[in-house]
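Me: I would like to go through this model step by step, from the overall dimensions of the chain to individual residues. Please reason through each point before you name the result.

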Amino acid sequence: MSRDLRQRAIALYDRFTHEGMERREFMARMIALAGSAAAAEAMIGAIAASPAAAAVVPADDRRLTTRTMVLGGGYSAYLAEPRTRSLKPTVMLIHENRGLNDHIRDVARRLALAGYRAVAPDFLSPVGGTPRDEDAARDAIGRLDLGAAVAAAVKMLDELAAGSRGGKLGAVGFCWGGAFVNRLAVAAGDKLDAAVVYYGPAPDPAEAARVSAPLMIHVPALDDRVSATAWPWVEALRKAGKTVTAYNYPGANHAFNNDTSAERYDAKAAELAWKRSLRFFARYLG
């Protein structure tokens with residue numbers, strides 16, 4: 001696949017998955033782009049996340065303890081933490097628009113190996129939990145009351161603080177979860193000690209004054225949709241005197257950290273962003 005064709009296909013897929021393009025129109029345009037229905041399906045398969053992709057950290061890794069927990073309000077969550085009795089700082093992990101799936105559980109285990117208690121709530125819990133079909137999950141995410149979900153997350157921070165070392169709480173989110181973390185930073189005030197945003201659309205810059213937590217923001221250079229709001233948000237945070245660190249990743253697409261997507265994943269950018277994120281959490285969560 002040529003670079004130009006790849007970028008056009010990714011842009012089209014993003015319009016379908018993030019901007020509400022109808023499936024019939026999406027498929028018609030993808031077939032026209034690829035040249036046949038079979039080629040279009042192959043392109044979609046390479047761009048979309050693969051549920052069958054191998055985990056970086058196995059679910060039964062002996063170094064970790066994992067379980068499902070229920071947070072206030074009836075939200076199910078996946079918890080992963082090092083197999084020690086000492087308290088660890090807690091990082092709330094916010095899923096993409098596909099909901100709480102195996103990839104996000106894997107990311108939670110990666111955080112746990114770095115020394116954190118990782119808690120990944122399923123924000124589709126009020127509607128029965130994340131479905132296995134990712135299209136159904138995206139549809140359900142699109143119908144969520146985002147304000148109510150953010151308010152629920154603020155209450156979760158109160159609940160999680162008691163079991164976190166020093167009461168320290170961080171948050172990290174990807175895609176829809178990145179946008180969510182931006183809004184959580186606005187709503188949570190000083191309840192949140194550090195927040196990392198991966199390619200999430202930003203709030204109105206006027207909200208910057210309400211942020212208390214230091215923010216780290218990762219922006220893929222090829223992600224025009226996110227860039228359009230992320231950089232004004234960063235500028236507003238800086239003008240408001242907030243602690244914000246923002247990085248641009250040349251040549252990287254939206255969802256570059258998701259290693260279950262063959263066409264989107266950028267190993268170099270993902271590794272660099274992860275190292276930066278862990279250093280950031282080490283600084284502010286201890």
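The questions and answers below concern a predicted model.

Me: How many helices and strands does the chain have, and what are its spans along the principal axes?
Reply: The C-alpha trace spans about 55 × 45 × 35 Å along its principal axes. As for secondary structure, the chain has nine helices and eight strands.

Me: What radius of gyration does the chain have, and what would a compact globule of 286 residues have?
Reply: For 286 residues, a compact globule would have a radius of gyration near 19 Å. The chain agrees with that expectation, because its own radius of gyration is 18 Å.

Me: What percentage of the residues is buried, and what part of the exposed surface do carbon and sulfur atoms supply?
Reply: A residue counts as buried when its relative accessible area is under 20%, and 53% of the 286 residues meet that criterion. The chain exposes about 12500 Å², and the part of this area that carbon and sulfur atoms supply is 51%.

Me: Among contacts between residues at least 6 apart in sequence, what percentage joins residues at least 24 apart?
Reply: The contacts considered here are those between residues at least 6 apart in sequence. Within that set, the percentage that joins residues at least 24 apart is 69%.

Me: How far apart are the centres of the positive and the negative side chains?
Reply: The chain has 37 positive and 31 negative side chains. The centres of these two sets lie apart by 6 Å.

Me: Is strand β7 enclosed or open, and which of its residues point the opposite way from Leu215, Ile217 and Val219?
Reply: Strand β7 covers residues 215-220, and six of the six are buried, so the strand is largely enclosed by the rest of the structure. In a regular strand the side chains alternate between the two faces of the sheet. In β7, Leu215, Ile217 and Val219 point one way, and the residues pointing the other way, likewise buried, are Met216, His218 and Pro220.

Me: Which strands pair with β7, and which residue of β8 is the bridge partner of Met216?
Reply: On one side of the pairing list is β6 (residues 194-198), which is joined to β7 in the parallel sense over four bridges, with Tyr198 standing opposite His218. Strand β8 (residues 244-249) also runs parallel to β7, and six bridges join the two. The partner of Met216 in β8 is Thr245.

Me: How many residues of strand β5 are buried, and how do they point?
Reply: From β5, Leu169, Ala171 and Gly173 point one way, whereas Gly170, Val172 and Phe174 point the other way, and all are buried. The strand (residues 169-174) is therefore largely enclosed by the rest of the structure, the number of its buried residues being six of the six.

Me: How many bridges join β5 to β3 and to β6, and which residue of β6 partners Val172?
Reply: Strand β3 (residues 90-94) runs parallel to β5 and is joined to it by five bridges, with Thr90 opposite Leu169. Five bridges also join β5 to β6, again in parallel. The residue of β6 that is the bridge partner of Val172 is Val196.

Me: Is Leu237 buried or exposed, and which residues is it in contact with beyond four places in sequence?
Reply: Leu237 lies in helix α8 (residues 224-239), and it counts as buried because its relative accessibility is 0%. Leaving aside neighbours within four places in sequence, its contacts include Leu215 and Ile217, which belong to β7. The full set is Ala208, Val211, Leu215, Ile217, Lys242 and Val244.

Me: What are the phi values of Cys175 and Tyr199?
Reply: Most residues other than glycine have a negative phi. Cys175, in the loop between β5 and α7 (176-188), is buried with a relative accessible area of 5%, and Tyr199, in the loop between β6 and β7, is buried with 0%. Both have a positive phi, about 60° for Cys175 and near 35° for Tyr199.

Me: Where is Asp193, and what separates its C-alpha atom from that of Ala213?
Reply: Asp193 is located in the loop between α7 and β6. Its contacts beyond four places in sequence include Ala213, Pro214 and Tyr284. Asp193 and Ala213 are 20 residues apart along the chain, and their C-alpha atoms are separated by 5.1 Å.

Note on methods:
Residues are numbered from 1 along each chain as its sequence is written. This is a predicted model: local features need pLDDT of at least 70, side-chain atom pairs count only at pLDDT 80 or more; totals for chains, interfaces and linings use all residues. Side-chain values use heavy atoms; hydrogens and water are left out. The radius of gyration is taken over C-alpha atoms; the globule rule is 2.2 Å times the number of residues to the power 0.38. Buried means under 20% relative accessible area, exposed over 50%, partly exposed in between (1.4 Å probe, protein chains only). Contact means heavy atoms within 4.5 Å. Accessible areas come from the Shrake-Rupley method with a 1.4 Å probe; for residues, only the protein chains shown count as cover. Lys and Arg count as positive and Asp and Glu as negative; His and the chain ends are not counted. The place of a charge is taken as NZ of Lys, CZ of Arg, CG of Asp or CD of Glu. Two strands pair if DSSP finds at least two bridges between them.
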